[in-house]
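Please look over the chain and its ligand before reading on. The report below goes through the fold, the ligand site and the unusual backbone spots.

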Amino acid sequence: MDLHEYQAKERFRAAGIPVPPGEIATTPAGAEKLAEDLGGKVVVKAQVHSGGRGKAGGVKLAANPAEAKAHAAAILGMEIKGLTVHKVLITPAEDIDTEAYVGVLIDRATQAPTFIVSAAGGIDIETVAHETPEKIRKLTVDPRYGLLPHQAYWLADFLYDDPSLIKQTTKIIAQLYDSFVNSGSSMAEINPLITTPSGEVKAIDAKMSIDDNELYRRPEVAAMRDSSSEPPAETLAREAGLSYVKLDGDVGCCVNGAGLAMATMDLVKYYGGAPANFLDIGGSSNPDKVVAALEIITADPNVKSILFNIFGGITRCDDVANGIVEAMSRIDIEQPIVIRLTGTNEEIALKILKDAGFPAYTSMDAVVEEAVKLAKGAEA
Ligand code: GDP
Ligand code: MN
């Protein structure tokens with residue numbers, strides 16, 4: 001789960017990191033009022049789960065409340081990388097001397113939190129890593145001991161020469177690590193970490209992703225979820241207890257089991273097609289889940305055919321077949337549907353589906369080939 005900038009800033013502030021004040025507005029008039037309260041000269045910042053807002057026109061400096069109002073009017077409702085802006089953060093405009101990058105994320109290769117810092121901040125860190133890797137310092141943290149003081153110093157020392165700036169930044173890096181761990185985070189980033197002409201170090205942007213598996217034990221973080229800024233299909237899937245990932249193809253896939261779902265996607269590609277999604281309905285024959293899965297799949301306008309691939313182990317194929325038939329009686333689906341069932345009670349299941357008028361298969365190759373053919377036929 002991604003946090004908005006203003007939410008990540010709340011977490012950072014709680015850990016002691018110097019973050020300028022700020023409030024959320026949802027209307028231009030609200031933005032004007034907040035700008036007055038903050039002294040007039042502010043930055044209006046789009047709150048969406050996407051980087052590069054600055055480049056997209058979603059971060060604007062305002063010299064006075066009237067300008068803040070005008071910027072908010074332009075930014076609210078704007079689309080940034082497919083996401084609509086519903087909220088803007090109004091925060092005092094800071095004077096900036098330098099911009100650095102400080103981030104920590106779980107690195108899958110080392111299976112440990114890894115810090116990345118660079119004095120070349122404010123811009124996309126991937127670009128810096130690619131073009132000027134010598135401008136980056138990395139550090140792997142041993143989670144048994146946490147970030148040690150000399151390690152935080154070693155990172156800060158790479159960014160500045162001035163001892164006061166190094167001292168402030170050493171503290172911020174330690175606080176960032178605490179916030180990262182205490183939030184159940186998989187990524188926490190300050191870009192830019194600024195220095196001001198008066199010699200202060202501050203975080204003026206904040207980004208944080210929470211590991212979904214941490215949410216159950218951190219209700220205060222889980223409460224920060226903003227469903228209105230997530231793709232609707234993902235919200236629907238989560239609420240229905242389904243694992244769903246949208247992809248770019250046109251063959252909708254509804255499969256039980258993550259491994260089988262991945263194998264199905266591979267086979268769709270093998271037969272020249274492209275999967276529209278990953279979807280694992282789990283080991284359930286519950287018609288409600290099938291209905292939710294079909295609603296999610298068909299909400300994607302690219303989907304041209306729908307493929308069920310069910311392996312019945314403990315879940316009985318006849319239960320699943322009945323679930324599918326009931327689900328179909330509840331919703332209208334335009335796209336052709338092909339179903340493959342194999343395992344416990346497959347003969348009964350195939351009969352149930354055939355009687356209800358659905359093409360049913362036991363061979364995975366056959367059903368995938370057919371689903372790809374149907375998707376291509378619909379394109380022609
Ligand atoms: P991002 O584009 O989504 O990463 O948004 P940021 O919050 O990082 O803002 C982008 C850029 O806008 C920063 O790198 C700064 O150069 C500039 N910016 C943001 N806030 C301020 C501010 O308070 N004062 C000034 N002068 N520039 C700012
Ligand atoms: Mn930024």
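The protein chain of this predicted model is divided into three parts: domain 1 (22-92), domain 2 (98-222) and domain 3 (231-379). The C-alpha centres of domain 1 and domain 2 lie 25 Å apart.

**The four-stranded sheet**

How are the strands of the open sheet ordered? The order is β1-β6-β2-β3. There are 4 strands, and their pairing is antiparallel. β1 (23-25) and β3 (59-62) stand at the edges. Each has a single partner strand, so one side of each is left without a neighbour in the sheet. From one strand to the next, the twist averages 30°.

Strand β2 covers residues 42-46, and strand β6 covers residues 88-92. These two strands pair in the antiparallel sense over 5 bridges. One residue to pick out is lysine 45: its bridge partner in β6 is leucine 89.

Two helices can be placed against these strands. Helix α2 (residues 28-37) packs on the sheet and touches β1, β2 and β6. The direction of α2 makes about 155° with that of β1. Helix α3 (residues 65-75) lies across β2, β3 and β6. Helix α3 runs at about 165° to β3.

**The ligand site**

Which residues come nearest to ligand 1? Of the 17 residues around the ligand, they are Lys45, Arg53, Gly54, Glu94 and Glu99. Lys45 thus appears twice in this report: it is bridged to leucine 89 of β6, and it is listed among the residues nearest the ligand.

The table gives distances from protein atoms to an oxygen atom of ligand 1.

| Residue | Protein atom | Distance to an oxygen atom of ligand 1 |
|---|---|---|
| Glycine 54 | backbone N or O atom | 2.8 Å |
| Glutamate 99 | polar side-chain atom | 2.6 Å |
| Asparagine 191 | polar backbone atom | 3.1 Å |

Taken alone, ligand 1 exposes 560 Å². The protein buries 78% of that area.

**Unusual backbone geometry**

Most residues other than glycine have a negative phi, and most peptide bonds are trans. Two spots call for a check against that background.

Is the peptide bond from asparagine 191 to proline 192 cis or trans? The bond is cis, with omega near 15°. Proline 192 sits in strand β10 (residues 185-195). Asparagine 191 also has a polar backbone atom 3.1 Å from an oxygen atom of ligand 1.

The other spot is glutamine 111. Glutamine 111 is not a glycine, yet its phi is positive, at about 55°. Where does glutamine 111 lie? Its place is in the loop between β7 (98-107) and β8 (112-118).

Key. Residues are numbered from 1 along each chain as its sequence is written. Chains are lettered from A and ligands numbered from 1 in the order in which they are written. This is a predicted model: local features need pLDDT of at least 70, side-chain atom pairs count only at pLDDT 80 or more; totals for chains, interfaces and linings use all residues. Side-chain values use heavy atoms; hydrogens and water are left out. Two strands pair if DSSP finds at least two bridges between them. Axes are lines fitted to C-alpha atoms, for helices over the stretch in contact, and angles run from 0 to 180 degrees between N-to-C directions. Contact means heavy atoms within 4.5 Å. A residue is near a molecule or strand if one of its heavy atoms lies within 4 Å of it. A polar contact is a pair of N or O atoms within 3.5 Å; within protein, one must be able to donate a hydrogen and the other to accept it, and residues adjacent in sequence count only if both atoms are side-chain atoms. Accessible areas come from the Shrake-Rupley method with a 1.4 Å probe; for residues, only the protein chains shown count as cover. Domain bounds come from an automatic or database domain assignment.
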